[in-house]
Amino acid sequence: MEYRELKPFPKDFLWGGSSSAYQCEGAWDEDGKSPSVQDCKPIGRGNSDWKVCSDHYHRFKEDIALMAEMGFKEFRFSIAWTRIIPSGDGEINPKGVAHYHEVIDECLKYGIEPVITLYHFDLPQALQDKYGGWTSRQCIDDFVRFCEVCFREYGSKVKYFLTINEQNMMTMYNMGEHKDDRERYQANHHMIVAMAKATVRCHELCSAKIAPAPNISCVYPATSAPLDNLAAADYDQFRNRLYLDTIVFGEYPEALAEYFRQRGCMPDITDEDREVMKAAHPDYIAFNYYGAATVKFVSIEEGEKAKAAGRKEGANREEFMIGMQTEPGLAVSVDNPLQDTTPYHMGIDPVGLRLTLRQLWERYRLPLLITENGCGMVDELTADGKVHDDYRIDYLRKHIIACREAITDGVRLMGYSPWSAFDLISTHQGITKRYGFIYVNRDEFDLKDLARIKKDSFFWYRKCIGSNGEDLD
Ligand code: BG6
């Protein structure tokens, strides 16, 4: 609906920005850190130097001072497990522990709330080698032990933790390289149990609040055909609810569980798993949003054909992608000609954000925090030493208005933490694709001086935060 008047943002709204350790810290082998799976097999970052990244490990004070200048109320960053427990399951590394104390203290010095992600794609490689990472149940206990160290060390200073970033993207894109769906969904289940246990332990060990942080988007049917509408509802279970119902309600969505059973990929769930899933109660829901999904129905037969075509030797990119995006008998994800996109084919859909916020609030009745949303583009540093990123300002403005509309709808939104606070290495396209308010002066392999330069969006966001979201001009 369209309103004549929008409600204001709450007074304590958490304006800020996000990052993740492996994409910005660099210092990949310093002070006792061991390699993570991201260091050993950097996806798109292979086209970019990832050992130094934005050198945030050494320059975090300068970066946080700039965030303070923008008026940040929160800074979301991740703690690298490989710094805290380099072997994944052995000795604690005091230098790693001390580093994050310093980062947290620096935030608090400026009144910036640290929002800490405990896992952002960067499993210790040692655990991948030792037992296949999340494929093994052992990974649950090792992750929980790492979380306990963080709760004990930082829990008295930190108010907001996040368990696992984008578990759904890791599973849907098979980032763990599991051999089949059975193994993939078993590994996914281990992450669900690990999150549930970590949530329970957080509440036992400190007074911080804790949330999951999946990538969530509302789902549109490609046409008004009844079957496409069914496909949209099913895909919502598959893409979104599998990762939230399990942690908020402690249950798999029923229809999806039956679908998994019939496809032979329903994971083994022990009584102890069920118990801890029921016992875990996240305090809020954090989520990343980069545009809505659009789907159409696909029969089992057609879907199997598309999957086989995508897997065959010599499959072209299109066949591969369609195969990846097809769930036989459930849905196939398609492009939406009515949704704007960036040149990198990421959605620009603020209405979808409002709808996503509404659906999450209405289903789970938990406060929501947007932990990623942003516009990855090639930025140009002009001769006058500036970056005129009006496209980013336009993108953020539209999404912030959508947040305000959702608040007017009744949604309880805690904050907005776009990707990314400063330039860092994109997961898929290296440093070429930038998201930050602060330009980091480097190219893919030429590290230049890594100087920090305020983009036009820096000044715009400062005004936005200073007016609590009222001044978006
Ligand atoms: C999210 C991730 O999927 O999207 C981030 O949590 C990632 O790690 C971001 O960087 C944007 O994706 P990309 O590929 O443009 O970096």
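A crossing of two helices is left-handed if the near helix is turned anticlockwise from the far one by less than a right angle. With that in hand, have a look at this predicted model, starting with two helix pairs.

**Helix pairs**

Helix α13 passes α14 in just such a left-handed crossing. Their axes come within 7 Å and cross at roughly 135°, and that makes α13 oblique to α14. On the α13 side the contact involves Ala306, Lys307, Ala309 and Gly310, which meet Glu319, Phe320, Ile322, Gly323 and Met324 of α14. Sort the residues of this contact by class and you get five nonpolar, two polar and two charged.

Now for α9 and α10, which cross in the right-handed sense. These helices pack at an angle of about 40°, with axes 9 Å apart, and are therefore oblique to each other. From α9, the residues Tyr185, Asn188, Ile192, Met195, Ala196 and Thr199 meet Phe238, Leu242, Tyr243, Thr246 and Ile247 in α10. The class count for the contact of α9 with α10 is eight nonpolar, three polar and no charged residues.

Here are the two pairs in brief:

| Pair | Residues | Angle and axis distance |
|---|---|---|
| α13 and α14 | 300–311 and 317–324 | roughly 135°, within 7 Å |
| α9 and α10 | 181–205 and 226–248 | about 40°, 9 Å |

**The sheet**

Next up is an open sheet of eight strands, paired in parallel and ordered β5-β4-β3-β2-β1-β14-β13-β7. The edges belong to β5 (209–213) and β7 (285–288); each has a single partner strand, so one side of each lacks a neighbour in the sheet. From one strand to the next, the twist averages 30°.

Within the sheet, β13 (residues 368–372) and β14 (residues 413–416) run parallel and are joined by three bridges. Leu368, for instance, has Leu413 in β14 as its bridge partner. Helix α5 (residues 94–109) packs on the sheet, where it touches β2 (74–78) and β3 (113–119). The direction of α5 makes about 170° with that of β2.

**A look at Trp460**

Finally, let's turn to Trp460, a residue of helix α17 (residues 456–466). Is Trp460 buried or exposed? Its relative accessible area is 4%, so Trp460 falls under the 20% cut-off and counts as buried. Leaving aside residues up to four places away in sequence, Trp460 touches Ile393, Leu396, Arg397, Ile400, Leu472 and Asp473. Asn336 sits 124 residues from Trp460 along the chain, and the C-alpha atoms of these two residues are separated by 30 Å.

How values were computed: Residues numbered from 1 in each chain as written. Predicted model: local features only at pLDDT ≥ 70, side-chain atom pairs only at ≥ 80, totals over all residues. Heavy atoms only, no water. Axes fitted to C-alpha atoms, helices over the stretch in contact; angles between N-to-C directions. Helix = DSSP H or I, 4+ residues; strand = E, 2+ residues; numbered from the N terminus. Parallel < 35°, antiparallel > 145°, perpendicular 65-115°, else oblique. Contact = heavy atoms within 4.5 Å. Nonpolar A, V, L, I, M, F, W, Y, C, P; charged D, E, K, R; others polar. Pairing = 2+ DSSP bridges. Buried < 20%, exposed > 50% of the residue type's maximum accessible area, 1.4 Å probe, protein only.
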